[in-house]
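Me: I would like to learn how to read helix packing and residue environments from a set of coordinates. Could you take me through it step by step, giving the general idea before the particular case?

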Amino acid sequence: MTERERRRVAGWLLVCAALVFAMVLVGGVTRLTRSGLSIVEWQPLVGALPPLSQADWEALFARYRETPEFRLVNFQMTLEGFKSIFWWEYLHRLLGRAIGFVFMLPYLWFLLRGRLERPLAWKLAGIFLLGVLQGAMGWIMVQSGLVEDPKVDPVRLSAHLGI
């Protein structure tokens, strides 16, 4: 691999690291604003689109109103209040999807063109799998808060952050 190719790979990995840093920040805001339980379904593919109409917003808010989080904590929340917490969780999930694409597409491009040395390619594949596990653990964590006691399990929260 030439020095120029190494710099391209390094640049791509730095962008990925910056996105992960942004994800930690957005995740922290999501946690502090108690926004993490606002999206009550895990739709890794079709969930990338936000509500596009008033009817979509009302349907999402109706699902949220069925949760213990709404009934016990946010029972006075209006649709406008719901939108404010929804956007943090939505951004958190959208950023996770973006990180997956920003990582995987260049990874495949570099890999198929022989720009990654074998040991590095295997390590990066492992990192991608950890990212997938991170997303799954995020949903497992959210599910733990959609029960009668609307608090996420601290062990699952720690695992989500730790991965």
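Me: How are α4 and α5 oriented to each other, parallel or antiparallel?

Reply: Two packed helices are described by the angle between their axes and the distance between the axes. In this predicted model, α4 and α5 pack at an angle of about 165°, with their axes 11 Å apart. Angles over 145 degrees count as roughly antiparallel, and α4 and α5 are therefore roughly antiparallel to each other. The crossing of α4 and α5 is left-handed.

Me: Which residues of α4 and α5 make the contact, and how do they divide by class?

Reply: From α4 the contact draws on E89, R93, G100, F103, M104, Y107 and L111, while α5 supplies A121, L124, A125, I127, F128, W139 and V142. By class, this contact of α4 with α5 has 11 nonpolar, 1 polar and 2 charged residues.

Me: What is the packing angle between α5 and α6, and how far apart are their axes?

Reply: The same general description applies, by angle and by distance between the axes. Helix α5, which covers residues 118–144, packs with helix α6, residues 154–162, at an angle of about 160°, and their axes are 9 Å apart. With the cut-off for roughly antiparallel at over 145 degrees, α5 and α6 are therefore roughly antiparallel to each other. In passing α6, α5 makes a left-handed crossing. The residues in contact are Q134, M137, G138, I140, M141 and S144 on the α5 side and R156, L157, A159 and H160 on the α6 side. They divide into 5 nonpolar, 4 polar and 1 charged.

Me: At what angle do α2 and α4 cross, and what does that make their orientation?

Reply: The axes of α2 and α4 come within 10 Å and cross at roughly 85°. Since 65 to 115 degrees counts as roughly perpendicular, α2 and α4 are therefore roughly perpendicular to each other. In α2, the residues Q54, W57, E58, L60, F61 and Y64 meet L79, F82, K83, I85, F86 and W87 in α4. The residues of this contact divide into 9 nonpolar, 1 polar and 2 charged.

Me: Turning from pairs of helices to single residues, where is E89 found, and is E89 buried or exposed?

Reply: To read a single residue, one can take its place in the chain, then its accessibility, and then its contacts. E89 is found in helix α4 and is buried, with a relative accessible area of 5%, the cut-off for buried being under 20%. Leaving aside neighbours within four places in sequence, E89 is in contact with T30, S35, G36, S38, I39 and V142. V142 belongs to the α5 side of the contact between α4 and α5, in which E89 also takes part.

Me: S38 is among those contacts of E89; which polar atoms lie around its side chain?

Reply: S38 is found in the loop between α1 (3–32) and α2 (54–65), and S38 is buried, with a relative accessible area of 3%. A polar atom of the S38 side chain lies 2.7 Å from the backbone oxygen of S35, and the backbone oxygen of I85 lies 3.5 Å from a polar atom of that side chain. With neighbours within four places in sequence left aside, S38 is in contact with Y64, F82, I85, F86 and E89.

Me: What is the phi of R34, and where does R34 sit?

Reply: Most residues other than glycine have a negative phi, and most peptide bonds are trans. R34 has a positive phi of about 55° although it is not a glycine. R34 is found in the loop between α1 and α2, and at 40% relative accessibility R34 counts as partly exposed.

Me: How far apart are Y90 and P50, in sequence and in space?

Reply: A pair can be read both along the chain and through space. Y90 and P50 are 40 residues apart in sequence and 7.6 Å apart in space, C-alpha to C-alpha. Y90 has its place in helix α4, residues 79–112, and counts as buried at 9% relative accessibility. Not counting residues up to four places away in sequence, Y90 touches I39, G47, A48, L49 and P50.

Me: How many helices and strands does the protein chain have?

Reply: There are 6 helices and 0 strands in the protein chain. Buried residues make up 34% of its 163 residues.

Notes:
Residues are numbered from 1 along each chain as its sequence is written. This is a predicted model: local features need pLDDT of at least 70, side-chain atom pairs count only at pLDDT 80 or more; totals for chains, interfaces and linings use all residues. Side-chain values use heavy atoms; hydrogens and water are left out. Axes are lines fitted to C-alpha atoms, for helices over the stretch in contact, and angles run from 0 to 180 degrees between N-to-C directions. Helices (H or I, at least four residues) and strands (E, at least two) are DSSP runs, numbered from the N terminus. Angles under 35 degrees count as roughly parallel, over 145 as roughly antiparallel, 65 to 115 as roughly perpendicular and the rest as oblique. A crossing is left-handed if the near helix is turned anticlockwise from the far one by less than a right angle, and right-handed if clockwise. Contact means heavy atoms within 4.5 Å. Ala, Val, Leu, Ile, Met, Phe, Trp, Tyr, Cys and Pro count as nonpolar, Asp, Glu, Lys and Arg as charged, and the others, Gly among them, as polar. Buried means under 20% relative accessible area, exposed over 50%, partly exposed in between (1.4 Å probe, protein chains only). A polar contact is a pair of N or O atoms within 3.5 Å; within protein, one must be able to donate a hydrogen and the other to accept it, and residues adjacent in sequence count only if both atoms are side-chain atoms.
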